[in-house]
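Let's take a walk through this structure together, starting at one side chain and moving outward to where the chains meet. Have the model open as you read.

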Amino acid sequence: MMDYITIDTKRVPIEGEKNVLSLIRKAGIDLPTFCYHSELSIYGACRMCVVEDEKGHIFASCSEIPKSGMVINTNTKRIQAYRKLIMELLLSSHCRDCTTCPKNGSCSLQDLSFRVGINAVRFLNNKKTLPLDLSSPSIVRDPNKCILCGDCVRTCDEIQGVGAIDFAYRGSETQVMPAFNRPLAETDCVGCGQCAAVCPTAAISIHTNISPVWKAIADPNIRVVVQIAPAVRVAVGDSFNIPKGENSLGKLVTALRMMGFDAIYDTTFGADITVVEETKEFAKRLETNENLPLFTSCCPGWVKFCETRFPDLAGHISTCRSPQGMFSPFIKDYFKDKDSAEGKKTIVVSIMPCTAKKGEILREDNFTDGRQDTDYVITTQEIIRMIKQMGIKFEYLEAEAADMPFAVGSGGGTIFGTTGGVTEAVLRRLAKEKSYANLKEISYTGVRGVTSLKEASIMLGDREVKIAVVHGLGEAKKLMERIRNKEVYYDFVEVMACKRGCIMGGGQPAFAGNRTKKMRMEGLYKIDSVSTIRYPDENPVLMQMYDTILKGKEHKLFHRNLSE
Amino acid sequence: MILMENASLEEVREKAVEKMKAENCRILICAGTGCLAGGSEKIYSKLKEMADGIEGVSLEFGPEAAHVGVHQSGCHGFCEMGPLVRIEPWNYLYIKVKEEDCEEIFQKTILKGEPVERLMYTQNDTVYPQQESIPFYAKQTRRVLKNCGHINSEDINEYIAIGGYKALSKALFEMKSDEIIEEVTQANLRGRGGGGFQTGYKWKQVARQKETIRYVVCNGDEGDPGAFMDRSVMEGDPHKMLEGMIIAGYAVGAQEGYIYVRAEYPLAIKRLKIAIAQAEEYGILGDNILGSSYSFHIHINRGAGAFVCGEGSALTASIEGERGMPRTKPPRTVEQGLFAKPTVLNNVETYANVAMIIENGFEWYRKLGTETSPGTKAFALTGSVKNTGLIEVPMGTTLREIVFDIGGGLIDDAPFKAVQIGGPSGGCLVTQNLDVKLDFDSLKKLGAMIGSGGLVVMDEGTCMVEVARFFMNFTQNESCGKCVPCREGTKRMLEILERITSGKGELSDLDMLEELGAAITATALCGLGKSAALPVLSTLKNFREEYVAHVTEKRCQTGTCQAMRKYIINPELCKGCSKCARNCPVNAISGKIKEPYVIDTKTCIKCGACMDNCPFHAIYIAN
């Protein structure tokens with residue numbers, strides 16, 4: 001006889017679930033919660049998930065271990081009353097000016113107060129107004145909107161291993177803040193935005209740059225060039241009834257043209273450059289056996305994390321800029337003559353799944369000839385807002401191709417958006433024979449998938465090259481400590497700050513379920529499978545440019561010029 | 001000098017007994033925090049000075065030169081009458097002693113053995129020379145507090161002399177771990193911190209965990225306002241508690257113990273540090289205790305001013321250096337407590353009961369108390385009662401016996417109104433409950449709880465709404481802020497109570513208090529939240545008329561709630577001198593010279609300046 005519990009008269013089998021809440025959700029009841037998150041430790045603070053058993057005993061279902069024979073009701077008279085009261089208490093200390101809030105329409109408080117049936121709040125909001133923290137280019141903190149669910153604190157600590165924010169003070173004075181309430185920009189915060197991704201309200205949100213982009217588009221003297229990151233195309237459709245993980249690049253290009261961007265390019269081209277440059281660097285290091293392992297550098301969250309927490313290992317980071325970091329100065333160099341001829345200025349806007357990129361573009365090593373390479377980073381969430389601002393019915397658009405010459409990108413460059421993608425692309429570059437068989441073999445080396453730490457080894461000639469791929473900064477931290485203690489050794493390490501890679505970046509549409517996460521990853525590999533060009537070093541446009549216009553400029557445009 | 005075997009401890013004991021016997025006269029000056037505040041330090045210095053100069057003086061009762069021992073002891077318990085001085089062998093207890101009294105005490109009692117009657121407790125014209133005969137003490141059964149006030153708590157030898165650490169020897173050398181757990185289980189020792197959980201069962205659960213690293217933790221946070229039972233044990237007889245912890249450690253296989261003491265108890269921390277150091281010197285703590293091959297080390301952790309850290313999981317979080325917030329259970333502390341290891345977490349008083357159970361057996365222990373709550377309980381008796389102090393009675397003693405027989409009745413023999421039991425987590429007991437036998441289960445039936453043992457006696461002059469507001473204010477301040485019902489709910493309840501006590505309440509507020517109280521009690525995460533509404537709900541149930549008068553008539557019958565006081569000039573006593581009007585800061589008083597003046601109650605801000613200034617006592621507060 002299988003173990004089961006009875007929920008609202010329905011029998012639900014226990015199949016390894018760790019808490020009653022999971023069983024309730026399995027039974028088809030979307031029990032409201034604020035602080036519960038399946039990938040974080042159980043916190044039990046919001047008390048919205050309370051249920052009642054047949055003896056009248058009330059408890060929180062998120063922290064209760066299921067025992068066979070339990071009989072639970074999720075919507076008794078008392079539970080209804082208590083849930084409503086908890087909601088009312090939360091709303092009573094919260095700003096209810098929803099119309100002007102950045103989370104209007106995607107806020108858990110709005111959602112749940114409607115579901116639970118709140119039509120009056122009987123208590124006065126007498127809280128003092130606290131100042132916003134706008135110091136970080138990546139995220140904005142608004143403590144007035146915080147409901148103290150603690151998801152951001154636990155995410156930053158448990159999953160990212162950074163711990164830049166935590167609770168301070170006590171009781172109703174409790175606030176979430178960095179230590180000593182320092183501005184976020186002065187802390188170890190890497191800008192990954194994973195806190196914003198789990199925040200149910202507008203307490204932590206993306207630092208948006210939409211207005212200056214509209215302004216630039218409207219300026220006839222500015223050539224606004226836009227580049228689109230790989231991970232964006234499989235997520236932007238989320239808000240427009242497009243199946244999860246479907247490639248919406250074509251529609252996005254059309255929309256961008258309608259919005260008035262002057263040239264639309266694909267960051268995949270930049271990724272191809274990265275593969276060529278980074279592999280060159282790696283091969284050199286292997287040859288001289290110096291400065292190994294090589295750490296990838298395309299993830300700005302990882303770079304900042306390494307520089308602050310593992311400064312002794314930061315010298316191993318590749319000197320290559322990120323794909324956006326290489327592409328933008330190249331674009332500006334490409335338009336240099338045309339700009340002076342036409343009396344225009346070229347600015348580059350990049351559409352990224354990432355909030356840390358907003359910090360990357362302000363780094364000294366992302367300036368060329370005194371000019372900031374990328375002018376604005378717009379996250380996927382922001383481009384969705386801009387599309388909606390214009391009223392474009394995205395799902396009905398006809399697809400169009402990006403502009404030449406930079407419209408061509410390889411499948412290897414596209415998979416940069418998922419964990420293991422950079423490594424796989426580098427392995428393709430290292431392959432002697434650009435054959436289909438090799439593609440297949442490389443895909444089986446073990447760099448694909450959601451395992452936290454993936455290890456692989458390949459033979460380069462008669463040398464075994466050991467590779468590690470890690471995602472989520474918490475996992476990266478563990479690996480770095482073992483590397484530092486010389487417990488393990490690798491020649492090449494790929495680190496992505498966000499679990500599953502850029503497809504789950506802080507700028508992507510949030511609250512993606514397990515199916516969406518899977519579809520986004522599969523979506524990128526699908527694009528790769530049907531790409532005519534799969535090896536980055538077979539990108540004909542790129543290869544031609546290396547022989548012509550890029551000659552002599554590779555170092556200046558594509559590397560972080562650390563010695564200067 | 002490390003004692004390498006049990007026999008060595010016996011030797012030490014014999015020597016210590018001799019040393020104590022050699023003191024023909026023992027003076028024990030109460031050096032608990034209360035009496036220290038009353039100036040007992042000076043009394044100690046004076047008497048010690050005098051005793052040191054006694055060399056060569058012969059005393060009437062002894063053949064050789066007398067040896068006078070002057071010691072500072074722990075709390076004697078009769079706090080209302082402090083500073084207290086106990087003199088043995090006659091067991092005289094001198095009350096309200098001042099430094100000037102030392103000379104007479106010395107000359108009469110110490111040199112001649114005569115009592116100083118004026119310093120003795122008197123009731124109904126009867127003088128009580130012996131401490132044990134005083135009604136306050138006679139009705140008590142002091143077991144946990146037995147040595148408090150009778151030994152120098154900063155000398156381990158005195159503890160050993162009176163039989164201390166005998167239980168530890170028995171446990172280490174004559175009993176097995178599970179036998180110890182069985183003894184404690186049969187004794188049905190229930191947690192004295194307020195939970196009333198069966199101690200033996202708790203220990204059993206820890207002992208049977210697979211994890212081999214275990215901890216023993218003592219909760220010395222004692223946050224209830226007005227409760228000082230644990231403080232007195234830690235200050236007055238720390239070894240009794242330590243002995244219990246070591247036995248517990250041995251029983252469950254723990255190697256380390258932690259005592260979490262609130263930072264506001266510097267004296268207790270000091271005495272504990274001394275006690276631990278002295279125990280370590282003898283090898284009673286440390287590696288290979290008394291040669292038994294059992295090792296146990298104890299550390300002291302100080303709190304940092306958070307009442308919530310008295311909650312088990314918040315306490316362990318605090319020891320670990322984390323933010324002191326309770327966590328969800330499971331996992332329970334017995335499975336994953338301190339540092340995620342199986343942990344025995346018990347209260348100071350609970351540990352203080354362990355040694356006597358092991359030494360005398362569970363049958364002896366169960367002779368006192370009730371069937372479901374054997375043993376004794378220490379209570380802090382405070383409030384409008386004549387004899388405030390620290391008492392210990394068998395479980396099952398009635399409230400009437402405590403308040404009237406031991407407490408001596410209410411001050412000025414005022415009529416009894418209520419007793420708040422259990423502090424901010426407790427409810428109130430009223431006249432109908434006076435004959436209830438106090439134990440864990442009987443109180444639960446009444447919607448109250450023993451809690452840690454704080455008793456506040458209230459007379460007719462106490463405003464029950466203000467009592468509720470006071471405790472809710474405390475709870476709101478101390479709420480950790482993690483869960484919504486406690487953080488936001490108690491805030492709103494406090495706002496309502498503040499409105500009511502300032503004369504701005506509505507009848508609907510009472511329903512709101514009940515609604516919030518029910519929700520918070522049912523849904524809060526930890527014990528603090530779950531019991532936060534109890535003082536309010538209990539006073540609302542037993543004294544609803546007072547609440548109703550506050551909101552409908554804007555009247556506080558006791559005159560406590562300042563905003564609702566009605567200052568009235570008695571026209572028959574008023575001479576029309578106008579002094580009140582001239583002192584009124586808001587010009588609320590008007591009248592003509594030589595004619596009775598009148599206060600405009602709407603303008604009046606209830607400051608009381610008029611009443612203070614009236615030379616004819618013509619102004620009163622209406623009830």
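With which side chain does the side chain of Lys358(A) make a polar contact? Keep in mind as you look that this is a predicted model. The partner is Asn209(A), whose side chain lies 2.8 Å from that of Lys358(A) in this polar contact.

To find the spot, go to helix α12 of chain A, which covers residues 357-360 and includes Lys358(A). Although lysine carries a charge, Lys358(A) is buried here, with a relative accessible area of 3%. Its surroundings come from several parts of the sequence: leaving aside residues up to four places away, Lys358(A) touches Pro137(A) and Ser138(A), the run Ile206(A), His207(A), Thr208(A) and Asn209(A), and also Val377(A), Thr379(A) and Glu382(A). Asn209(A), the polar partner, is thus also one of the residues in this contact list.

Next, the cysteines. How many disulfides does a search of the whole structure find? The search over all chains gives 0. Cys35(A) is in no disulfide, and the nearest cysteine sulfur, in Cys46(A), is 3.7 Å away. A disulfide would need the two sulfur atoms within 2.5 Å, so that pair does not count. Cys35(A) is also buried, at 2% relative accessible area. Cys156(A) tells a similar story: its closest cysteine sulfur belongs to Cys192(A), and because 6.5 Å separates the two, they are too far apart for a bond. Cys156(A) counts as buried too, with a relative accessibility of 14%.

Now turn to the place where chain A and chain B meet. Each chain brings 32 residues to the contact. Together the two chains bury about 2700 Å², and 57% of this is on carbon and sulfur atoms. On the side of chain A, Arg47(A), Leu89(A) and Arg170(A) supply 23% of the area buried against chain B, more than any other three residues.

What holds polar groups face to face here? Between the chains there are 2 salt bridges. In one of them, Arg122(A) pairs with Glu515(B), with the closest N and O atoms 2.9 Å apart. Polar contacts across the interface involve 17 residue pairs, counting those with both residues at pLDDT 80 or more. Two elements of chain A, α2 (77-92) and β7 (166-168), each give two or more residues to the side that touches chain B. Of these, α2(A) gives the most, with 7 residues. By type, the residues on this side of chain A divide into 19 nonpolar, 8 polar and 5 charged.

Terms used
Residues are numbered from 1 along each chain as its sequence is written. Chains are lettered from A and ligands numbered from 1 in the order in which they are written. This is a predicted model: local features need pLDDT of at least 70, side-chain atom pairs count only at pLDDT 80 or more; totals for chains, interfaces and linings use all residues. Side-chain values use heavy atoms; hydrogens and water are left out. Buried means under 20% relative accessible area, exposed over 50%, partly exposed in between (1.4 Å probe, protein chains only). Contact means heavy atoms within 4.5 Å. Buried area is the accessible area (1.4 Å probe) that two parts lose on being put together, summed over both. A salt bridge is a side-chain nitrogen of Lys or Arg within 4 Å of a carboxyl oxygen of Asp or Glu. A polar contact is a pair of N or O atoms within 3.5 Å; within protein, one must be able to donate a hydrogen and the other to accept it, and residues adjacent in sequence count only if both atoms are side-chain atoms. Helices (H or I, at least four residues) and strands (E, at least two) are DSSP runs, numbered from the N terminus.
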